[in-house]
Amino acid sequence: MGLACALGGLVGLLLPGLSAPPLQGSALMLAAGMAWGVYSLRAKDSGDPLRVTAGNFLRAVVFAAALSLAMLPWVSLDGAGVGCAIASGAMASGVGYAIWYTALAGLKVTSAATVQLSVPIIAATGGIVLLGEPVTLRLVIASTAILGGIALVIARRQ
């Protein structure tokens, strides 16, 4: 019940409306979330988090380079943008994945799934604190549903 409630809150963030992303964007975000879940499940017993993360990033470079070459005619680069992309993608994401892999080893699958549901709230909070994004009623309701679902899952286990 709690997991369903938390998932419902997450879906509430994506429902079409005045400030919601287009349906295609919502579908892509949901697909990305499912891919992240599969990625995490496959990583659970993968061994050394730093080695595995570095290997995954190196394999991804081939695809990123091919896509970059294909998009080259439409690309406009500047030093600050490239620096931010490297800092965000390679450094912050790489460290984040390594930390997540390390934590994942000690979690059950359902616990990991439950914890992952809090990521959109963390990201939204970062947007509010760091970028001055507005706190909307939709965000408050969806966040409450997500956190309530997580709380129900935790309470049910205890």
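A crossing of two helices is called right-handed if the near helix is turned clockwise from the far one by less than a right angle, and left-handed if the turn is anticlockwise. That wording comes in handy below, since this predicted model is built from seven helices and zero strands. Reading along the sequence, the pattern is simply α-α-α-α-α-α-α.

A few overall figures set the scene. The chain has 158 residues, and 23% of them count as buried. About 10700 Å² of the chain is exposed, with carbon and sulfur atoms supplying 75% of that area. As for contacts between residues at least 6 apart in sequence, 80% of them link residues at least 24 apart.

Now to the way helices pack. Two packed helices are described by the angle between their axes and the distance between the axes. Take H2, which covers residues 23-43, and H4, which covers residues 79-104: their axes lie 10 Å apart and the angle is about 55°. Angles from 35 to 65 degrees fall in the oblique class, so H2 and H4 count as oblique to each other. Their crossing is right-handed. On the H2 side, the residues involved are Trp-36, Tyr-39, Ser-40 and Ala-43, and they meet Tyr-97, Trp-100, Tyr-101 and Leu-104 of H4. Sorted by class, this contact holds seven nonpolar residues and one polar residue, with no charged ones.

Further along come H6 (residues 119-131) and H7 (residues 137-157), which pack at about 145° with axes 11 Å apart. Here the crossing is left-handed. Ile-121, Ala-124 and Ile-128 are the H6 residues in the contact, and their partners in H7 are Leu-139, Ser-143, Ile-146 and Leu-147. Six of the residues in this contact are nonpolar and one is polar, while none is charged.

H7 also packs with H5, the helix of residues 109-116; the two axes come within 9 Å and cross at roughly 150°. Angles over 145 degrees count as roughly antiparallel, and H5 and H7 are therefore roughly antiparallel to each other. This crossing, too, is left-handed. From H5 the contact takes in Thr-110, Ser-111 and Thr-114, and from H7 it takes in Ile-150, Val-153 and Arg-157. The class tally for H5 with H7 reads two nonpolar, three polar and one charged.

How values were computed. Residues are numbered from 1 along each chain as its sequence is written. This is a predicted model: local features need pLDDT of at least 70, side-chain atom pairs count only at pLDDT 80 or more; totals for chains, interfaces and linings use all residues. Side-chain values use heavy atoms; hydrogens and water are left out. Helices (H or I, at least four residues) and strands (E, at least two) are DSSP runs, numbered from the N terminus. Buried means under 20% relative accessible area, exposed over 50%, partly exposed in between (1.4 Å probe, protein chains only). Contact means heavy atoms within 4.5 Å. Accessible areas come from the Shrake-Rupley method with a 1.4 Å probe; for residues, only the protein chains shown count as cover. Axes are lines fitted to C-alpha atoms, for helices over the stretch in contact, and angles run from 0 to 180 degrees between N-to-C directions. Angles under 35 degrees count as roughly parallel, over 145 as roughly antiparallel, 65 to 115 as roughly perpendicular and the rest as oblique. Ala, Val, Leu, Ile, Met, Phe, Trp, Tyr, Cys and Pro count as nonpolar, Asp, Glu, Lys and Arg as charged, and the others, Gly among them, as polar.
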